[in-house]
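Below is a colleague's note, set out as numbered points, for reading alongside the coordinates.

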Amino acid sequence: MTVEGQTLNAQAGQPDSAVETMYEYGYRKSNYGPDELVTDAHGNPISVVDAMMKAEDASKQGTVTPHLCFYSPRIPGNTGSAIRLCAVTGTILHLVEPLGFNLQDTKLRRAGLDYHDMAHVVLHPNFESLVKAMPNSRIIAFTANATKLYTDVQYRPTDILMFGPEPGNIPDPMDIMDGPDVAEQVRLPMRPSLRSLNLTNCASIAVYEAWRQLGFKGGDRD
């Protein structure tokens, strides 16, 4: 029998040290170091940063959905879930620093890195870096301050769907969301006087609407 990932010797009732049964995600052992969160094509552990797509390569990558951008995300679990979202939709995720967590955070790891598709993730030191790296992209900011609905936009694969920090005490950075580099401001409709949706829930709604408009190209309908 197993208890908390350890095999018990049926006679002695003690952990069987000869058998390792604890695999966190089915392919990665639990005793890997904190920077060994993903594996390469040969199954060897590599660091998160090493596995990321370079900023200069992001604009050259062909996509079937718009890019997704989290500007200064604060909650690691949300970003981990966004990595999972991007893995299953073929979306490139851009993270703009400063981040409110370390990329080695275990909550980030548990929420998304079991997909080990970190090649879909690009890290930018600031918003200007994002703009410079993606000169041919239209940035669409999702903000509660917008009047236009997210369904009123005709999305393109080169678009960047940008979301600000998680709701709470941190307001949307309107110098960014309403700045000259943003082509559109849109919002998701919600009932009045209620707290906003979880960040990755909002991103999922946006990505799937854009993907729907583009015929779910690359999905299992093909």
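**Notes on the model**

1. The side chains of K148 and E184 come together in a salt bridge, with 3.1 Å from N to O. This pair links distant parts of the chain, since K148 belongs to strand 9 and E184 to strand 11 (residues 182-187), 36 residues apart. K148 itself counts as partly exposed, because its relative accessibility is 29%. The model is a predicted one, which should be kept in mind for each point that follows.

2. A salt bridge also joins D159 to R138, and here the closest N and O atoms are 2.7 Å apart. Again the pair links distant parts of the chain: D159 sits in the loop between strand 9 (148-149) and strand 10, whereas R138 sits in the loop between helix 5 (127-133) and strand 8, 21 residues apart. Both partners fall under the 20% cut-off for a buried residue, D159 with a relative accessible area of 0% and R138 with a relative accessible area of 15%.

3. Within helix 7, the side chains of R212 and E209 form a salt bridge at 3.0 Å, N to O. Because these two residues are three apart in helix 7, about one helical turn separates R212 from E209. Their surroundings can be described separately: R212 is partly exposed at 46% relative accessibility, while E209 is buried at 12%. The count of salt bridges in the model comes to three. As general background, side chains of opposite charge can pair when their charged atoms come close.

4. Which residues touch the most other members of the largest nonpolar core? Of its 29 residues, these are L68, F70, L93, F142, Y155, L161 and F163. At least two residues of this core come from each of strand 5 (67-71), helix 3, strand 6 (93-96), strand 8 (139-142), strand 10 (160-163) and helix 7. Helix 7 gives the most to this core, with six residues. Apart from it lies another core, made of 19 residues, among them I92, V122, A133 and I139.

5. Y155 deserves a closer look on screen. Leaving aside residues up to four places away in sequence, Y155 touches P66, R138, I140, F142, Y150, L161, E209, A210, Q213 and L214. Two of the salt-bridge partners discussed above are therefore on that list, namely R138 and E209.

6. Helix 3 (residues 76-89) has 14 residues and reaches 20 Å from its first C-alpha to its last, close to the 20 Å expected at 1.5 Å a residue. Ten of those 14 residues are buried, so helix 3 is largely enclosed by the rest of the structure. The buried residues are P76, N78, T79, G80, A82, I83, L85, C86, A87 and T89. Just after helix 3, G90 takes a positive phi of about 75°.

7. Some backbone geometry should be checked with care, given that, in general, most residues other than glycine have a negative phi, and most peptide bonds are trans. S72, in the loop between strand 5 and helix 3, has a positive phi near 50° although S72 is a residue other than glycine, and S72 counts as buried at 3% relative accessibility. F216, in the segment after helix 7, likewise has a positive phi, of about 50°, without being a glycine. A cis peptide bond, with omega of about 10°, joins E97 and P98, and P98 lies in the loop between strand 6 and helix 4 (106-112).

8. On the surface, M190, L197 and I205 form a nonpolar patch, and their accessible area together is about 220 Å². Of these, I205 is found in helix 7 (residues 199-213) and counts as partly exposed, because its relative accessibility is 32%. Helix 7 thus holds a member of this surface patch as well as six residues of the largest core.

9. A last point concerns G179, which lies in the loop between helix 6 (174-177) and strand 11. Is this glycine buried or exposed? G179 is buried, with a relative accessible area of 13%. G179 and A141 are 38 residues apart in sequence, while the distance in space, C-alpha to C-alpha, is 9.9 Å.

Key:
Residues are numbered from 1 along each chain as its sequence is written. This is a predicted model: local features need pLDDT of at least 70, side-chain atom pairs count only at pLDDT 80 or more; totals for chains, interfaces and linings use all residues. Side-chain values use heavy atoms; hydrogens and water are left out. Helices (H or I, at least four residues) and strands (E, at least two) are DSSP runs, numbered from the N terminus. The expected span of a helix is 1.5 Å times one less than its number of residues. Buried means under 20% relative accessible area, exposed over 50%, partly exposed in between (1.4 Å probe, protein chains only). Patches are made of residues with over 30% relative accessible area and no salt bridge: like charges are joined within 9 Å, nonpolar side chains (Val, Leu, Ile, Met, Phe, Trp, Tyr) within 5 Å. Accessible areas come from the Shrake-Rupley method with a 1.4 Å probe; for residues, only the protein chains shown count as cover. A salt bridge is a side-chain nitrogen of Lys or Arg within 4 Å of a carboxyl oxygen of Asp or Glu. A nonpolar core is a set of buried Ala, Val, Leu, Ile, Met, Phe, Trp, Tyr and Cys residues joined through side-chain atoms within 4.5 Å. Contact means heavy atoms within 4.5 Å.
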